[in-house]
Amino acid sequence: MRKQDLGFDYHRYHRLLSEADNEDKRLALIELLIEEKARDRLAVQRASDRAAMTAHTIARVLRNGRN
């Protein structure tokens, strides 16, 4: 068994799954999982964009410092 992801709230999802005793609750749980995964991916993308912008700025400053 692999280690649990730090961002994955196993106990919360387990509780929600055990409470999903009808189709509407199961669909709501699926929607929640999709939404939270999308939010996590967006956060990763934003962090990557910030890092790229920082690297670009540093390169530009260093290039201008040589002139």
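Apart from neighbours within four places in sequence, Glu36 is in contact with Arg12 and Tyr13 in this predicted model. Glu36 belongs to helix α2. With a relative accessible area of 10%, Glu36 falls under the 20% limit and therefore counts as buried.

Of the two contacts, Arg12 also engages Glu36 in a salt bridge, in which the closest N and O atoms are 2.9 Å apart. This pair links distant parts of the chain, since Arg12 lies in helix α1 (residues 10-19) and Glu36 in helix α2 (residues 23-66), with their positions 24 residues apart in sequence. Arg12 has a relative accessibility of 26% and is therefore classed as partly exposed. The salt bridge thus pairs a partly exposed arginine with a buried glutamate.

Glu36 takes part in a further salt bridge, with the side chain of Arg39, at an N to O distance of 3.8 Å. Here both residues belong to helix α2 and are 3 residues apart, about one turn of the helix. Arg39 is partly exposed, its relative accessible area being 46%. Through shared partners, the salt bridges join Arg12, Glu36 and Arg39 into one network.

The total for the model is 5 salt bridges. Among them is the pair formed by Asp21 and Lys25, where the closest N and O atoms are separated by 3.4 Å. Asp21 has a relative accessibility of 55%, over the 50% limit, and so counts as exposed. Lys25, at 41%, is partly exposed.

The start of helix α2 also shows a polar approach between a side chain and the backbone. A side-chain oxygen of Asn22 comes to within 3.1 Å of the backbone nitrogen of Asp24 at this end of the helix. The extent of α2 was compared with the expected helical span. At 1.5 Å a residue, its 44 residues should span 64 Å, and the end C-alpha atoms are 65 Å apart, so the two values agree.

A nonpolar patch on the surface is made up of Leu27, Ile30 and Ile34, which together have about 300 Å² of accessible area. Of these residues, Ile30 is located in helix α2. Ile30 has a relative accessible area of 47%, which places this residue in the partly exposed class. A patch residue must have over 30% relative accessible area, and the value for Ile30 therefore meets that requirement.

For the chain as a whole, the secondary structure consists of 2 helices and 0 strands. The chain has 67 residues, of which 6% are buried; Glu36 is one of the buried residues. The exposed area of the chain is about 6,400 Å², and 57% of this area is supplied by carbon and sulfur atoms.

Conventions: Residues numbered from 1 in each chain as written. Predicted model: local features only at pLDDT ≥ 70, side-chain atom pairs only at ≥ 80, totals over all residues. Heavy atoms only, no water. Helix = DSSP H or I, 4+ residues; strand = E, 2+ residues; numbered from the N terminus. Buried < 20%, exposed > 50% of the residue type's maximum accessible area, 1.4 Å probe, protein only. Areas by Shrake-Rupley, 256 points an atom, 1.4 Å probe, with all protein chains shown as cover. Salt bridge = Lys/Arg side-chain N within 4 Å of Asp/Glu carboxyl O. Contact = heavy atoms within 4.5 Å. Patch = residues over 30% accessible without salt bridge, like charges linked within 9 Å, V, L, I, M, F, W, Y side chains within 5 Å. Expected span 1.5 Å × (residues − 1). Polar contact = N/O pair within 3.5 Å; in protein donor to acceptor, adjacent residues only side chain to side chain.
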